[in-house]
Amino acid sequence: MKVVYFSFSGNVRRFITRAELKNTMEITQNNCTERLDEPFIMVTGTIGFGEIPQPVQAFLEINHDLIRAVAASGNRNWGQNFAKAGRAISEQYNVPLLMKFEVQGTKEDISEFKDKVGHFNEDNRREEIQSY
Ligand SMILES: Cc1cc2nc3c(=O)[nH]c(=O)nc-3n(C[C@H](O)[C@H](O)[C@H](O)COP(=O)(O)O)c2cc1C
């Protein structure tokens, strides 16, 4: 499944690069109002006090029907607001929060994420088959 991500200071970009996924798209100020034609998993950092970065909000306004899951980066120094953009997106669009990770993630975080994206693809395929 496509992984769409936004990175305001490079942490999520490093996480995604290290995960070596095949189908990714980085949201920027220039493309955040583009309409996609396939489902995706969103990965984003958290800004403000537990907020969803603005380009991610803009992107989701247009593409929210295609989001299937979310993962979020943050920093535990932010206490209750740690990676809260993930929870916010999960609740607003009713999709699972796959995981929260700190800054650019550890090796374990990356392997957990790859695993979950893989399972997600499998589960989706199973659903497709069952719906025939
Ligand atoms: C202005 C600012 C506000 C932030 N607010 C939060 C926050 O509320 N909660 C949190 O967990 N992390 C917060 N962070 C940390 C970032 O979410 C974290 O560094 C993340 O890895 C950024 O990912 P990115 O560089 O790929 O966008 C904040 C960082 C900045 C610069």
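In this predicted model, the ligand sits in the largest pocket. Twenty residues surround the ligand, written here as a shell of 20, and S7, F8, S9, V12 and T46 come nearest. Two secondary-structure elements turn up repeatedly in that shell: helix α1 (residues 11-19) and strand β4 (residues 67-74) each supply at least two of its residues. Sorted by class, the shell is made up of 12 polar and eight nonpolar residues, with no charged residues at all.

Now for the polar contacts. S7, already listed among the nearest residues, places a polar side-chain atom 2.6 Å from an oxygen atom of the ligand. A83 also meets a ligand oxygen, but here it is a backbone N or O atom that does the job, at 2.7 Å. On the nitrogen side, W78 has a side-chain N or O atom 3.4 Å from a nitrogen atom of the ligand. As for how well wrapped the ligand is, on its own it has 640 Å² of accessible area, and the protein covers 82% of that.

Then there are the aromatic rings. Searching the whole structure turns up four aromatic pairs. One of them joins F15 and F101, which are stacked, with ring centres 3.9 Å apart and 10 degrees between the planes. F15 belongs to helix α1, while F101 belongs to strand β5 (residues 97-102), so this pair ties together parts of the protein that are 86 residues apart in sequence. Helix α1 thus comes up twice, as a supplier of shell residues and as the home of F15.

Methods:
Residues numbered from 1 in each chain as written. Predicted model: local features only at pLDDT ≥ 70, side-chain atom pairs only at ≥ 80, totals over all residues. Heavy atoms only, no water. Near = heavy atom within 4 Å. Polar contact = N/O pair within 3.5 Å; in protein donor to acceptor, adjacent residues only side chain to side chain. Areas by Shrake-Rupley, 256 points an atom, 1.4 Å probe, with all protein chains shown as cover. 1 Å grid on protein atoms, 1.4 Å probe; cavity = no way out; pocket = protein on both sides within 12 Å on 5 of 7 lines; lining within 4 Å. Sits in = over half its atoms within 2 Å of the grid points. Helix = DSSP H or I, 4+ residues; strand = E, 2+ residues; numbered from the N terminus. Nonpolar A, V, L, I, M, F, W, Y, C, P; charged D, E, K, R; others polar. Phe/Tyr/Trp six-rings, centres within 6.5 Å; stacked < 30°, edge-to-face > 60°.
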